[in-house]
Amino acid sequence: MNITEVLVQPQAIAWLPWAVQYFFYIGSAYAAAMLFLIALLFDNHTSHRLRAALVLTLAIGAIVGPLALTGDLHQPGRAWHFYAHITPWSWMSLGSLFLPVFSGLAVVTAWLYLRKDLMSLSNHSGKILPLISKLSLGQWETSRRTMLIAAVVTVLSGLTIALYTGAEIAVVQSRSLWHQPASPIIWFVTAFIGAVGFSLLIWMLFPSDKEEKALTTGDTRLLRQCTAICGVLALLLVPIWASNNAAFSLYSDTLWVNNIALLTATLLGSVLLSFIMLRDNYRIMGLIIMSIGALTTTWLVRWITMMEVQTIAKFDVGPYPYDFPIGSNGLLGIIGMLGLWLALALLSSELIQPVQKPLSHTPLTEH
C-alpha cells in the first residue's frame, strides 16, 4: 500500500482587498442616491446641508469606487478589454456598461443640486471661490421637477450597480458562502449604513456658523431609521448566510465563530449607536463616534464575507491563512483610497459656505 501526500502550491487570492474597497465606496454611493431621493421628496423635513452631504457622498463614492476597481483588475489598462470584447452573459461585462453610466449620473445629480451653492460663491471675497462659481454654467435655476427626475434616474442606475456587484460574486458556485441569495442582500442593506457614516463625516466638514450647523429632527430621524432598519436586517441575514456554508461547518470552527460574533457585535453596535447618538440633542462627538462605527461595520461585513471566505479550504481541512500585504495591494492601497476620498470630501465641502449675514451698522451720534 502506498501513501501519496498531496501538496498544494501557494495560490494568489482571487479577490484582492481592492474589491472590498470597490464594494465599500460604490455601495455607499448607490445607497446615498436612494437616501438623497427620500430626503428630496421630504425636503420640508430635511435640511439642505444633509441633502448636500448625501449627494456629495453619492458623487465621491461614484468617483473613488471605480478607481479601486481598476486596482482589482491588477492592471488599469485591462479595463478597455471589457468594451473591446463585450460578453452580455457575464455580469462583470455588464457592469462595465452600468458603472460609467452611474458615475456620470451621480456627478450630474450632485452638480444640479449644488448649482445654487456654486452660484452663491460669486459673492464671497477672494479669488478661488468666485472662480469656482463659474462651474454653475449660468444663473438659470434648477427646477424641482428636473432635480427629481435626475435623482430618480440615478437611483435606478444605482440599482443596476447593486444588482451586478452582488451577482458577479454570487454566481461563483465554488464558494457556498457566496453562491446564495443572502450574500448580495447583506451587501446591499449594509451599504446604507456606510452611506450614513460617510454623509455624517461630510456634514461635519461643512464650514458653517455655530447657529447654522444643526441637524433637523427630520435629518436625525432619517439617518436613525435607516441605520436601525438596515442593521436589524443584516443581523437577521448573518446567521442565514453562515448557515448556508457546506456541511454547516462555520459553527464548528473557532475562528469563524469569532468572525460571526464580530459581525453581530458591530451590527448591533451600529443599531444601538443610532438610537443613542442620532437624537435631537445630539453632540458632535457622538456624531463622530456614529460615523466611525457605521463605516467600520460596513467595512468589516465586506472584509469577512469577501476576503476571509477565501481562506476556507475547498477540498480539504486547511488551514489556508491569508497574508495581508503592506504594499499597494493591501494596507497602502486602503490608506491611499481613504486619503483620496477624504481629499475629495474636503475640497467639495467648501462648496457649502455659511450664509453671509448683512453687516449691521450702528448709527453715529454726536455728543
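Which helices each supply at least two residues of the lining of the largest cavity? The legends below take up this question first and then turn to other parts of the predicted model.

**Figure 1. The largest cavity and its lining in the predicted model.** The helices that each give at least two lining residues are α1, covering residues 17–41, and α6, covering residues 144–170. The largest share comes from α1, with four residues. The full lining consists of F23, I26, G27, Y30, A162, T165, G166, W187 and R302. By type, five of the lining residues are nonpolar, three are polar and one is charged. The space inside the largest cavity is about 50 Å³. The count of cavities of 30 Å³ or more is one.

**Figure 2. The whole protein, as a guide to the close-up views.** The protein has eleven helices and zero strands. Read from the N terminus, the order of elements is therefore α-α-α-α-α-α-α-α-α-α-α, since helices (H or I, at least four residues) and strands (E, at least two) are numbered from that end. There are 367 residues in the protein, and 48% of them are buried. The accessible surface is about 19100 Å², with 67% of this area belonging to carbon and sulfur atoms. Among contacts with a separation of 6 or more, 80% join residues that are 24 or more positions apart.

**Figure 3. A191 in helix α7.** A191 is one of the residues of helix α7, an element that spans residues 182–205. A191 counts as buried because its relative accessibility is 1%, and buried means under 20%. Leaving out residues up to four places away in sequence, A191 touches G27, S28, Y30, A31 and R302. Of these neighbours, G27, Y30 and R302 also appear in the lining of the largest cavity. A191 and T298 are 107 residues apart along the chain, yet their C-alpha atoms are separated by 6.6 Å.

**Figure 4. E168 in helix α6.** E168 belongs to helix α6, and this helix supplies at least two residues of the lining of the largest cavity. With a relative accessibility of 9%, E168 counts as buried. Beyond four places in sequence, E168 is in contact with W15, F23, W91 and M92. One of these partners, F23, is also a lining residue of the largest cavity.

**Figure 5. M119 in helix α4.** Helix α4 covers residues 91–120, and M119 is found in it. Is M119 buried or exposed? At 15% relative accessibility, M119 counts as buried, because the cut-off for buried is under 20%. M119 touches S133, S136, G138, Q139 and W140, with residues up to four places away in sequence not counted. The C-alpha atoms of M119 and K134 are 7.4 Å apart in space, and the two residues are 15 apart in sequence.

**Figure 6. L137 in the loop between α5 and α6.** The loop that holds L137 runs between α5, residues 128–132, and α6. L137 has a positive phi of about 55 degrees, although L137 is not a glycine. At 58% relative accessibility, L137 counts as exposed, because exposed means over 50%.

**Figure 7. L300 in helix α10.** Helix α10 spans residues 284–307, and L300 has its place there. Which residues does L300 touch, not counting residues up to four places away in sequence? The residues in contact with L300 are L262, L263 and T266. L300 and L263 are 37 residues apart along the chain, and their C-alpha atoms are separated by 7.1 Å.

**Figure 8. Confidence along the predicted model.** The mean pLDDT of the protein is 87, and 88% of its residues reach 70 or more. Among the elements, helix α7 has the highest mean pLDDT, 96. The lowest mean among the elements, 76, belongs to helix α3, residues 81–84. Over residues 358–367, pLDDT stays under 50. For residues 358–367 the model has zero contacts beyond four places in sequence. Where pLDDT is low, the predicted coordinates should not be read in detail.

Methods:
Residues numbered from 1 in each chain as written. Predicted model: local features only at pLDDT ≥ 70, side-chain atom pairs only at ≥ 80, totals over all residues. Heavy atoms only, no water. 1 Å grid on protein atoms, 1.4 Å probe; cavity = no way out; pocket = protein on both sides within 12 Å on 5 of 7 lines; lining within 4 Å. Points joined across faces, edges and corners; volume = space filled by probe spheres on them. Nonpolar A, V, L, I, M, F, W, Y, C, P; charged D, E, K, R; others polar. pLDDT = per-residue confidence, 0-100. Contact = heavy atoms within 4.5 Å. Buried < 20%, exposed > 50% of the residue type's maximum accessible area, 1.4 Å probe, protein only. Areas by Shrake-Rupley, 256 points an atom, 1.4 Å probe, with all protein chains shown as cover.
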